[in-house]
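Please look over the structure shown below with a first-year student in mind. The briefing that follows takes up its sheet and then one of its helices.

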Amino acid sequence: ATYRQLVDEVAHRQRVEAALRDRETRLRAVFDHTLEFLGLLSADGVLLEANRTSLDFVAKTRADVVGKPFRDAPWWSESTEAQDRLSAAIEQAARGEHARFEAQHTGGGGEQITVDFSLSPVRDENGTVVLIVPEGRDITERKEQERQREEWLSIIAHDLRQPINAINLW
C-alpha cells in the first residue's frame, strides 16, 4: 500500500510539474511576443524580468539587466533626470499608486523613440504591493503626427489671417 501511494504521488507530482511547465511556456510566449515593452520589478525597483521586445530594443540580454536596479538599466541610463523621474514613479507605484509619463529612449542602434510609460502596482492578498509592472508603448509616430497637425493648423491659421487682414485694411 505504501509503495502504491508513493507511485501515485510521484505520478501526480509529474502531472502537476508538466502542467506548470506548460503554463509557464504559454505565459512566456505572451510576455515575450508582445510588441509592448514589458517587465517585472520588485517593490523596491529591482528588475526581475524583461520581455524580448524591451531587450531587443537596447540590444541586451536578460543576464545584462535582470537583478539590477531598474533605474540603472540601459533604457534609463541617458540622463539622471530620467532616472530621478523613474525613481519617483517607482516609489509612487510601491505606495500602490499607478504612475504614468512620457519618456525618451535611445535604442541599441541609436534610434530615438518616445514612450508612453507606466508603472502598475501588483498587490498580494493582504493588499501589500509585492511587484510592479513597467509597461511602455512606442508613441513616436503618434507624436510626429501631432506635431505635423499643429504645424499644418498654424499654416492654415496664418493663411486665413492674410486675406482677412487685407479685407479689414480695405
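Which residue in E2 is the bridge partner of Leu-41? The partner of Leu-41 is Leu-47 in E2. This is a predicted model, in which local features need pLDDT of at least 70 and side-chain atom pairs count only at pLDDT 80 or more, while totals for chains, interfaces and linings use all residues. Residues are numbered from 1 along each chain as its sequence is written, and side-chain values use heavy atoms, with hydrogens and water left out.

**The sheet**
- Five strands (E, DSSP runs of at least two residues, numbered from the N terminus) form an open antiparallel sheet in the order E2-E1-E5-E4-E3.
- Strand E2 (47-50) and E3 are the edge strands, since each pairs (DSSP finds at least two bridges between the two strands) on one side only.
- E1 and E2 run antiparallel and are joined by three bridges.

**Helix H4**
- Helix H4 (helices are H or I runs of at least four residues) covers residues 80-94, and its 15 residues should span 21 Å at 1.5 Å a residue (times one less than the number of residues), which agrees with end C-alpha atoms that are 21 Å apart.
- The buried residues of H4 (under 20% relative accessible area, with exposed over 50% and partly exposed in between, for a 1.4 Å probe and protein chains only) are Gln-83, Leu-86, Ser-87, Ala-89, Ile-90 and Ala-93.
- These buried residues lie on the same side of H4, because they cover an arc (of the directions from the helix axis to the C-beta atoms) of only 165 degrees around the axis.
- On the other side of H4, Thr-80, Glu-81 and Glu-91 are exposed.
- Just after H4, Gly-96 takes a positive phi of about 100 degrees.
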